[in-house]
Amino acid sequence: MKKVAIIGGGFSGTMAAVNLARLSSGPLCIQLINDKYPLGRGVAYGTRREEHLLNVAARNMSAAPDHANHFLDWLRTRVDYSDLPDPQLRETYVPRRIYGDYLRSILATYMQPIDQHHPAEIQVIEQEAVDIEFNFVGTAEITLKDGSTIDADRVLLATGNQPPCPLAEDAFSHPGYCAEPWGNWMEKLPAPSENIIVMGTGLSMIDVFLTLSEQDWQGHLIAISHNGMIPQSHFRGIEYPDFLPEEPENLGLDNLVLLLEKHCRQLQRIGENPGIVVDRLRPHTQKIWQKFELKEKQEFLKRYAARWNVIRHRIAQPIHQRVTEAITEGRLSVVRGRITGLEADGNRVSVNLQNRAGTSQQVSGGLVINCTGPNSGFSNTSVPMFQNLLQRGLIRPDELDMGIDVGADFATIDAEGNPSEFLFAIGPLMKGTLWETTAVPELRGQAMRVAQLLLDDAALVSPGHDYRISVEEEHVIEYYI
């Protein structure tokens, strides 16, 4: 029986396993290797907090690209959503824990079918994979943390984002410091007289803010980042003429910036949200990114990426309103500065900063939470499996060192530039290659396409096609019209 091992049990790995199972026409053993976070939920949907909402309306959260209303139909099976009018349900921002239930329910359908007519089986292995080696007979041997091994014909890496970036040369340890926002930091809440400091002002900071608000914590929250920008609110846009040329990927960075700035100004003049231009661009983003020269990508990351992410990764309007009210009332302060290090200060932790003028300052709190986001330097990864794969040259970083170099059919590229016949990767591991590869509209397409390729479905494979780019415009235009 053919065996496919999937390393990573979050959205990407789970849906790749589901697609393999539902598309397979013959016997297949799918080994889903999961570690650290709840199976099928991963980091994003493992939260149990009711206040942690999806950042996209329910209408665009189907896990299956070939069934656009799959999530909406599933929600209708729940008593708490069954009676909502369809227009209201489509625009609802559902708690992320419920979306985790949705993913688990899909996985359970294929893990424990009610009959024996399905030719594929999914086996779950709750362990950390620490190494992969390929033998001369064409199979992979995956070493687990306990020293045991499993064999597979092909291996799919679907591990999601890298761990947060370390903020010091040596690992910093203190009772008042949390190295990531997904642990049980609520057990460490200081008295309201002490500050809580969040390093980062993105979506994870919003989660921390919401949880503290629901806990009715009465202290002062300080959020620090290099750009000092918080996520923007979703909006309901307008019909706006398509301003992009027929092949926008050929514009180049400078011409693209001029075009976007022009239409941002035009939208502002008529009182509309300039974020519409980002939404219009999104179906083309991956092709545009791939057409950029290396220096253009580097320039984008340096000058425009922070602003892009703030506009692109928006939050529900009621949540944005709560955040802005907290800033106005002084319960939340946003500090702009580059974090240069951490120091222990008795029961407190001090965060060292440097502002744009080069002046140093220090902010102290009874609890400091690292929400700076995933480490963007892949070659210095802290993940043992990737360290081993890099050391033996089985994979190599992409040209920006943001992730793994991956070919058009999801095959990883080795140190000598050769595509692998056995090792594949999807999801945020391709961020340097695709830029946009972290949200459901991209990931669900990848999970479907990689399953088809791993099954060697000749009817669905077109030579020369880039399967990494599998997003249709109607699947990603989420917020306007």
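**Reading H12, the sheet and some buried residues**

Author: In this predicted model, the buried residues of helix H12 pack against helix H6 (203-214) and strand E11 (332-336).

Reader: Which residues of H12 are buried, and what makes them deserve that word?

Author: They are Ile319, Val323 and Ala326, and the word applies because buried means a relative accessible area under 20%. Seen down the axis of H12, the buried residues fall within an arc of 60°, so they line one face of the helix. An α-helix has 3.6 residues a turn, so residues three or four places apart point the same way. On the other side of H12, Pro318, Thr328 and Glu329 are exposed.

Reader: How do you know that the length of H12 is close to what is expected for a helix?

Author: H12 runs over residues 317-329, which gives it 13 residues, and its span from the first C-alpha to the last is 18 Å, close to the 18 Å expected at 1.5 Å a residue. After the helix comes Gly330, whose phi is positive, near 85°.

Reader: E11 was mentioned as a neighbour of H12; why is E11 called an edge strand?

Author: The open sheet has five strands in the order E8-E15-E9-E10-E11, with parallel pairing. Strand E8 (177-178) and E11 are its edge strands, since each pairs on one side only.

Reader: How do you know that E10 and E11 count as paired?

Author: Pairing requires at least two bridges between the strands, and strand E10 (residues 221-225) shares five bridges with E11 in the parallel sense, so the requirement is met. One partnership joins Ser225 to Arg336 in E11. Strand E9 (residues 196-199) also pairs with E10 in the parallel sense, over four bridges, and there Ile196 stands opposite Leu221.

Reader: What makes both faces of E10 covered?

Author: On one side are Leu221, Ala223 and Ser225, on the other Ile222 and Ile224, and all of these are buried; in count, that is five of the five residues of E10.

Reader: Why is Arg59 called buried?

Author: The relative accessible area of Arg59 is 17%, and the limit for buried is under 20%, so Arg59 qualifies. Arg59 lies in the loop between helix H2 (42-45) and helix H3 (70-75).

Reader: What makes the pairing of the Arg59 and Glu91 side chains a polar contact?

Author: Their separation is 2.7 Å, and a polar contact needs N or O atoms within 3.5 Å, one able to donate a hydrogen and the other to accept it; the pair is therefore counted as one.

Reader: Why is Asp401 called partly exposed, and Phe410 buried?

Author: Asp401 has a relative accessible area of 22%, and partly exposed covers the range between the 20% limit for buried and the 50% limit for exposed, so Asp401 is placed there. Phe410, at 0%, is buried. Asp401 lies in the loop between helix H13 (384-391) and strand E16 (411-413), and Phe410 is also in the loop between H13 and E16. Asp401 has a positive phi near 60° without being a glycine, and the phi of Phe410, likewise not a glycine, is positive at about 75°.

Methods
Residues are numbered from 1 along each chain as its sequence is written. This is a predicted model: local features need pLDDT of at least 70, side-chain atom pairs count only at pLDDT 80 or more; totals for chains, interfaces and linings use all residues. Side-chain values use heavy atoms; hydrogens and water are left out. Helices (H or I, at least four residues) and strands (E, at least two) are DSSP runs, numbered from the N terminus. The expected span of a helix is 1.5 Å times one less than its number of residues. Buried means under 20% relative accessible area, exposed over 50%, partly exposed in between (1.4 Å probe, protein chains only). The arc is that of the directions from the helix axis to the C-beta atoms. Contact means heavy atoms within 4.5 Å.
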